[in-house]
Amino acid sequence: MSSLPKCPQCSSHFTYEDGSMYVCPECAYEWASTTTGDNDDGQRVVRDAFGTVLNDGDAVTVIKDLKIKGSSSVVKVGTKVRNIRLVAGDHDIDCKIDGIGAMQLKSGFVKKA
């Protein structure tokens, strides 16, 4: 029996592992296998792109240019974001970026500073 998780998008059982990502062949959804998880206490664990555990109040650095949906603005590589808050969902970091404002980021595009 496979120990791979169901697809969070469509709940398909036919997921497969591709490097450090899980992929659903039915809906083409991809998600990182090391981004989030649960520890022994049942609390949610969020990890950055390099596997370091993130906590509320940490400072992170963006590792990839991120286009902002609905805007012509871009969050540039190397942008430092301070005092993050971890939230549930696909975009699991809630933060405020200087010059842009409040937004949510995926933990797979940041590294702990």
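**Exercise 1. Which residue in S14 is the bridge partner of Val 60?**

Please keep in mind that the model is predicted.

Step 1. Begin with the strands: S7 covers residues 60–62 and pairs with S14 over three bridges, in the antiparallel sense.

Step 2. Look in S14 for the residue bridged to Val 60, and you arrive at Lys 112.

Step 3. Now widen the view. S7 and S14 belong to an open sheet of three strands, ordered S10-S7-S14, with antiparallel pairing. Its edge strands are S10 (80–81) and S14 (110–112), each of which pairs on one side only.

**Exercise 2. Find the salt bridge of Lys 112 and work out which parts of the chain this salt bridge ties together.**

Step 1. A search of the whole structure gives three salt bridges. In one of them Lys 112 meets Asp 58, with the closest N and O atoms 3.4 Å apart.

Step 2. Place both residues. Asp 58 sits in the loop between strand S6 (53–54) and S7, while Lys 112 is in strand S14, so the pair links parts that lie 54 residues apart in sequence.

Step 3. Check the surroundings, using under 20% relative accessible area as the cut-off for buried. Asp 58, at 14% relative accessibility, counts as buried; Lys 112, at 32%, counts as partly exposed.

**Exercise 3. Describe what Tyr 29 meets, and follow the trail through Asp 90.**

Step 1. Locate Tyr 29 in the loop between S2 and S3. Strand S2 (residues 21–23) is joined to S3 by three bridges, and the two run antiparallel. Within this pairing, Val 23 stands opposite Glu 30 in S3.

Step 2. Leaving out residues up to four places away in sequence, the contacts of Tyr 29 include Cys 7, Pro 8, Tyr 22 and Asp 90. The C-alpha atoms of Tyr 29 and Cys 10 are 8.6 Å apart, with these positions 19 residues apart along the chain.

Step 3. Take the contact with Asp 90: the side chains of Tyr 29 and Asp 90 make a polar contact at 3.4 Å.

Step 4. Asp 90 also forms a salt bridge with Lys 106, whose closest N and O atoms are 3.3 Å apart. Lys 106 belongs to the loop between S13 and S14 and Asp 90 to the loop between strand S11 (85–86) and S12, so this pair connects parts 16 residues apart in sequence. Asp 90 is partly exposed at 42% relative accessible area, and Lys 106 is partly exposed at 30%.

**Exercise 4. Which strands stand at the edges of the sheet S1-S2-S3, and what does this leave on one side of each?**

Step 1. Write down the order: S1-S2-S3 is an open sheet of three strands with antiparallel pairing.

Step 2. S1 (16–18) and S3 (30–32) each have a single partner strand, so one side of each has no neighbour in the sheet.

Step 3. Add the geometry: neighbouring strands here are turned by 35° against each other on average, direction ignored.

**Exercise 5. Characterise the hairpin of S12 and S13.**

Step 1. S12 (residues 93–97) and S13 (residues 101–105) pair in the antiparallel sense over five bridges.

Step 2. At one pairing position, Ile 97 stands opposite Gly 101 in S13.

Step 3. Three residues lie between the strands, and Gly 99 has a positive phi near 85°.

Step 4. Finish with Asp 94, whose side chain meets that of Arg 85 in a salt bridge of 3.3 Å, N to O.

Technical notes: Residues are numbered from 1 along each chain as its sequence is written. This is a predicted model: local features need pLDDT of at least 70, side-chain atom pairs count only at pLDDT 80 or more; totals for chains, interfaces and linings use all residues. Side-chain values use heavy atoms; hydrogens and water are left out. Two strands pair if DSSP finds at least two bridges between them. Helices (H or I, at least four residues) and strands (E, at least two) are DSSP runs, numbered from the N terminus. Axes are lines fitted to C-alpha atoms, for helices over the stretch in contact, and angles run from 0 to 180 degrees between N-to-C directions. Contact means heavy atoms within 4.5 Å. A polar contact is a pair of N or O atoms within 3.5 Å; within protein, one must be able to donate a hydrogen and the other to accept it, and residues adjacent in sequence count only if both atoms are side-chain atoms. A salt bridge is a side-chain nitrogen of Lys or Arg within 4 Å of a carboxyl oxygen of Asp or Glu. Buried means under 20% relative accessible area, exposed over 50%, partly exposed in between (1.4 Å probe, protein chains only).
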